[in-house]
Amino acid sequence: MTTTSSGCLLVTVTGKDHPSITARFTGLLAQVGAELLDVEQVVVQGRLTLCLLVRLPDTRGVPKELLFAARELGVALDFQAVESPDAAANPVAARYVVTAVGRALGARELHSLTSHLSEHGALVERIVRLTHTHLGSVELHVTLPPSVDPEALKRSLLALSMRDNTFDVALQRESVFRRSKRMVVMDMDSTLIRIEVIDELARAYGVGEQVSRITERAMHGEMDYDESLRQRVALLAGLDASVLRQLAANLPLTEGAETLVRVLKRLGYRTAVISGGFSVAAEALKARLGIDHAFSNVLEEADGKLTGRTVGPIVNARRKAELLEQLANQEGILPEQVIAVGDGANDLLMLERAGLGIAFRAKPRLREAADTSISAGGLDTILYLLGLTGRELQEVG
């Protein structure tokens with residue numbers, strides 16, 4: 001077999017893996033004066049695939065030394081003449097990473113995922129398993145030609161995960177910022193914890209139905225967030241503050257919350273709660289989980305009872321986004337290096353301001369607007385979106 005006029009040859013080695021294979025073939029290529037242009041190696045269940053893109057010094061064909069080495073090592077060799085990588089490369093193709101996370105990913109799930117990618121013209125260049133005890137998370141590195149709309153692909157993948165409801169799918173632009181996140185900010189109610197604190201307080205005080213009606217009106221756009229909060233808090237006037245503190249001391253954490261914060265802290269990430277909930281609960285979580293910052297609404301107290309008013313500025317949607325930027329600036333972090341997580345409409349601006357906005361078990365409007373959505377897994381799913389593997393998570397502990 002001869003090479004093309006460019007002298008480029010793709011050498012593919014497959015077979016049972018053992019330590020000397022890569023060293024042997026690269027050594028032989030060096031001996032014949034071949035220029036190594038690209039290399040990729042993967043081992044699956046002890047079976048090696050090694051690809052070497054080389055430019056040979058002449059067109060004499062495949063060096064016989066490679067064939068002898070393959071026979072001696074018990075591996076198969078394949079050769080393919082290719083164009084120069086300079087001519088074949090597409091410099092305008094955008095690179096993305098698709099992360100799928102589920103309890104277990106099988107052939108059906110991967111077929112659905114890769115079919116969606118194919119239908120949108122995405123080319124899968126590499127697939128990496130992130131979990132190691134089972135096939136629970138994979139990372140697909142893809143390229144999108146200029147004709148592909150990444151927003152349309154994101155919506156399609158979101159619809160796929162919502163329809164299947166057994167795994168989550170995230171699409172992220174591959175860049176230095178994807179691998180250099182430094183801070184995670186989270187909503188509290190129905191995100192970091194499984195409840196809405198104000199609903200629990202209202203039920204304890206016997207005003208649950210009234211609070212729910214105000215919440216419903218706000219969700220339908222009949223009043224803004226600030227006014228709805230004032231009216232709901234007013235209904236709590238006279239509630240013994242000990243009820244709030246007892247609730248704050250026993251907040252039910254969302255699945256994966258402790259793991260997420262523990263791993264982030266050990267890896268040096270900064271963490272924050274930015275919540276439209278109440279400070280007693282947010283401060284309790286800050287102390288319990290070791291979170292770095294907590295911002296939320298402060299309920300006014302007098303003589304051991306709630307007055308039905310808040311103190312200071314209300315933490316609404318705009319305030320959440322401002323606090324994210326303020327924290328990033330304080331920590332010397334770019335907004336692109338921040339991950340924001342929330343579940344409701346008042347988290348939208350915060351998610352848009354972050355480098356990666358994640359809708360967690362969220363309402364449809366937020367899921368569609370966010371960069372990605374998590375519905376099937378817990379909060380620790382976020383760790384896989386950072387590109388961490390199961391083995392790395394075990395090392396962190």
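## A guided look at lysine 363 and the salt bridges

Lysine 363 sits in the loop between strand S14 (356-360) and helix H14 (364-369). The model you are looking at is predicted. Start from this one residue, then step back to the whole protein, and finally visit some pairs of charged side chains.

**Start with lysine 363**

- Is lysine 363 buried, partly exposed or exposed? With a relative accessible area of 42%, lysine 363 is partly exposed.
- Leaving aside residues up to four places away in sequence, lysine 363 touches Met219 and Asp343.
- Now find asparagine 329, which is 34 residues from lysine 363 along the chain. The C-alpha atoms of these two residues are separated by 30 Å.

**The whole protein**

- Try tracing the secondary structure from end to end: the protein has 16 helices and 15 strands.
- How does the radius of gyration of the protein stand against that of a compact globule of 397 residues? The protein has 27 Å, whereas such a globule would have a value near 21 Å.
- The C-alpha trace spans about 90 × 40 × 40 Å along the principal axes of the protein.
- Of the 397 residues, 48% count as buried.
- The accessible surface of the protein is about 18900 Å², and carbon and sulfur atoms account for 49% of that surface.
- Take the contacts between residues at least 6 apart in sequence: 68% of these contacts join residues at least 24 apart.

**Charges across the protein**

- Counting charged side chains gives 44 positive and 50 negative ones. The centres of the two sets lie 3 Å apart.
- Side chains of opposite charge can pair when their charged atoms come close.
- How many salt bridges does a search of the whole structure find? The search finds 20 salt bridges.

**A buried pair: lysine 320 and aspartate 187**

- Lysine 320 and aspartate 187 form a salt bridge, with 3.0 Å between the closest N and O atoms.
- Why does this pair tie together parts that are 133 residues apart in sequence? Lysine 320 belongs to helix H12 (residues 317-331), while aspartate 187 lies in the loop between strand S9 (183-186) and helix H6 (197-205), so the salt bridge spans that separation in sequence.
- Both lysine 320 and aspartate 187 are buried.

**A partly exposed pair: glutamate 301 and arginine 245**

- The salt bridge between glutamate 301 and arginine 245 also has its closest N and O atoms 3.0 Å apart.
- Glutamate 301 is in strand S11 (residues 293-302) and arginine 245 is in helix H9 (residues 241-249), so this pair links distant parts of the chain, 56 residues apart.
- Glutamate 301 counts as partly exposed at 32% relative accessibility, and arginine 245 counts as partly exposed at 42%.

**Another partly exposed pair: glutamate 331 and arginine 270**

- Glutamate 331 and arginine 270 meet through their side chains in a salt bridge of 3.1 Å, N to O.
- Which elements hold the two partners? Glutamate 331 is in helix H12 and arginine 270 is in strand S10 (residues 270-278), and the pair links distant parts of the chain, 61 residues apart.
- Glutamate 331 has a relative accessible area of 23% and is partly exposed, as is arginine 270 with 31%.

**A small network**

- To finish, look for Arg103, Glu255 and Arg361: salt bridges that share partners join these residues into one network.

Key
Residues numbered from 1 in each chain as written. Predicted model: local features only at pLDDT ≥ 70, side-chain atom pairs only at ≥ 80, totals over all residues. Heavy atoms only, no water. Helix = DSSP H or I, 4+ residues; strand = E, 2+ residues; numbered from the N terminus. Rg over C-alpha atoms; globule rule 2.2 N^0.38 Å. Buried < 20%, exposed > 50% of the residue type's maximum accessible area, 1.4 Å probe, protein only. Contact = heavy atoms within 4.5 Å. Areas by Shrake-Rupley, 256 points an atom, 1.4 Å probe, with all protein chains shown as cover. Lys, Arg positive; Asp, Glu negative; His and termini not counted. Charge placed at Lys NZ, Arg CZ, Asp CG, Glu CD. Salt bridge = Lys/Arg side-chain N within 4 Å of Asp/Glu carboxyl O.
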